[in-house]
Structure formats: C-alpha cells, structure tokens
Amino acid sequence: MPNTTKGVGPVASEHTPLKARKVSFAWEETPLHWVPGDPFTTHTINVLHLLLPAGERWFVHVYQQVLPYIRDEKLREDVIGFIGQEAMHAQAHDEVLPHLREQGLDPTPYTAQVDWMFEKMLGDRTLPPGRARRWWLMERVALIAAIEHYTAFLGDWVLNAERLDEVGADPTMLDLLRWHGAEEVEHRSVAFDLFQHVDGGYRRRARTWATAFGALLFLWQRGVRFFLENDPTLLEGKGGFTEFYRKGRAGMLPSTPAILKSVPTYLHRGYHPSQEGSTAQAVSYLASSPAALAAEAATAPDAPKDAR
C-alpha cells in the first residue's frame, strides 16, 4: 500500500540502501502492441523507451559533476547508488529500441531530438568558473529533482496498475516497467535531498518544476503522436487527451486527476518524496521480479562463470 504520510518532512522508515541490479530482458516474444488490442496504451507507455535512455544518462553526467559539493557521507552513498541504478535504467530501455525497429517502428527520428535536448540544450556550457558555472549546475540538479517527482509517481502507479495484468499485458514488458518503477520508488528521495543539500531555494524549486512539467508534457504527447503515426499496423493512428483521460479512468494509464494532484504536492513547502509511495512495496516487488532475481543469481559468489 502507498505511504500516505503528508507534510511532516522526511519519513525515516522509507529510506533503504541502494544498489544497481544488472538486469536483462529477452524481447523476442513481446508483440508490438504488448497491451493486447490497445495501441494507444502501448505507445503512450512506450514513450518511456524514447525519453529515458538520454534523460537518465544526463542524470548520471550531472550527478558526477555535483559529487564534490556533497558534504554528507550518507547522502553521497545514496547519490552513488542512484547513479548506478539510473545507468542501468538507461541501458535496459535502450535495449528495447532494436526490438521496435525489428517490428517496423524505427524510433531514431524522435530519439535524435531527445538526445539533442539533453546533450545540447541541457548539457554542459562554456561558462567561467565560479558563480555562473555553479548556477547552471544547480539549475540542472533542481530540474532532476522535479523530474524524479514524476518518475516516482509513475513508478508507484505501475506497481499498482492491476488493470494491465487483467487485460493480459506482456509479462516481460511489465517486469521491465515494474523493476524500473520499483527502483524509482526506492530512490525517490535522493534527487530532492541532493537539491536541498546543495541549494534548496524554493523559487528555483518552483521554477524548475514548471520547466520540467511543461517539457515532459510536450515531449510525451509528441512521442505518442510519433508512435501512432509510424506504427506500420495502424491505418489511422490517432489519439489525444480525451483518449488519455478515458484510459486513465479505466486504470490503463495514470489518471488525469492524480497527475494534477501531484502538482501542489511537489510545490508544498513541507513536501518530501518519502511521503509518497511505499519503499516496502518497491522492495517486495524487487524481491520477486524475474529480471532482478536473475541478476542477483548471476552475481552471487557461487554463480557459474558463464552466468555472469
């Protein structure tokens, strides 16, 4: 069950040590429309595979730069664990893209735009040492904290999206999404704690939230439209907000009211990510995830050499 503690700052019981799980997935049996008969839901969620590899590599790059600013050893350990998990997330979603190409849906035109945004628009800039360089680094740290608010929201949603199981969604894709979602819930406080540690300014928090929320909405709707227009099996690939709202009400996608409710949550001055989601639920899923179990077995001290 999701944690429902509100407005009291960090919830100590929601903290857990972080480790990267070196998972892998086999996509040969996963159909293009892995939610049966529902290309709109399939492709709305598939946008994650387009956005996350570049975004999470960018997270790692920024956090490697901010490590020297961390004065708390416990937080440093959390950030290093976060970096390891995010690097694996990028790799796992990247590995879905060749499978999409094999099924006639080449995502390269869209991913090239996403790569440009993270590498150029949000990448390193030629700035003089001192205040200007630190300002740009803190802006990006704040942006990551805002984005992580929504990745944790999505992680909590997919862990509880029972309707996807009921309609027969592909189990391998569900395991990828829930493994990733569980780790997002598991490390949901790290980005916010880091921002609070190195800056913590409320105006920056609010401003970068607005930037992140607007960018995510823009990129997501473009990604859905790209998939629907280029899906080789669809004669007329259409879908918009009305369809998203309807699928949210049916439990196939996050509900619009829940997304809107998440806005004042992040902007509340007493907010802390540990007040949302459940670490116990995330850890429980990771203890049963086929991919996470296989990764753990492959790295066990007595594992056969060819399993590593």
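Modeller: Contact here means heavy atoms within 4.5 Å. Keep in mind that this is a predicted model.

Colleague: What share of the contacts with a separation of 6 or more is between residues 24 or more positions apart?

Modeller: In this chain, such residues account for 83% of those contacts.

Colleague: Which secondary structure does the chain have?

Modeller: There are 13 helices and zero strands. From the N terminus on, the order reads α-α-α-α-α-α-α-α-α-α-α-α-α.

Colleague: What makes the radius of gyration agree with a compact globule?

Modeller: A compact globule with 308 residues would have a radius near 19 Å, and the chain has 19 Å, so the two agree. The C-alpha atoms fill a box of roughly 55 × 50 × 40 Å along the principal axes.

Colleague: How much of the chain counts as buried?

Modeller: Of the 308 residues, 52% do. The cut-off is under 20% relative accessible area.

Colleague: Why is α1 called oblique to α9?

Modeller: Take helix α1, residues 39-66, and helix α9, residues 202-230. Their axes come within 8 Å and cross at roughly 120 degrees. Roughly perpendicular covers 65 to 115 degrees, and roughly antiparallel means over 145. The angle fits neither class, so α1 is oblique to α9. The crossing is right-handed.

Colleague: Which residues meet there?

Modeller: From α1, they include P39, F40, H43, V47 and L51. From α9, L219, W220, G223, V224, F227 and L228 take part. The residues of this contact divide into eleven nonpolar, four polar and no charged. Gly counts as polar, and G223 is one of the α9 residues here.

Note on methods. Residues are numbered from 1 along each chain as its sequence is written. This is a predicted model: local features need pLDDT of at least 70, side-chain atom pairs count only at pLDDT 80 or more; totals for chains, interfaces and linings use all residues. Side-chain values use heavy atoms; hydrogens and water are left out. Axes are lines fitted to C-alpha atoms, for helices over the stretch in contact, and angles run from 0 to 180 degrees between N-to-C directions. Helices (H or I, at least four residues) and strands (E, at least two) are DSSP runs, numbered from the N terminus. Angles under 35 degrees count as roughly parallel, over 145 as roughly antiparallel, 65 to 115 as roughly perpendicular and the rest as oblique. A crossing is left-handed if the near helix is turned anticlockwise from the far one by less than a right angle, and right-handed if clockwise. The radius of gyration is taken over C-alpha atoms; the globule rule is 2.2 Å times the number of residues to the power 0.38. Buried means under 20% relative accessible area, exposed over 50%, partly exposed in between (1.4 Å probe, protein chains only).
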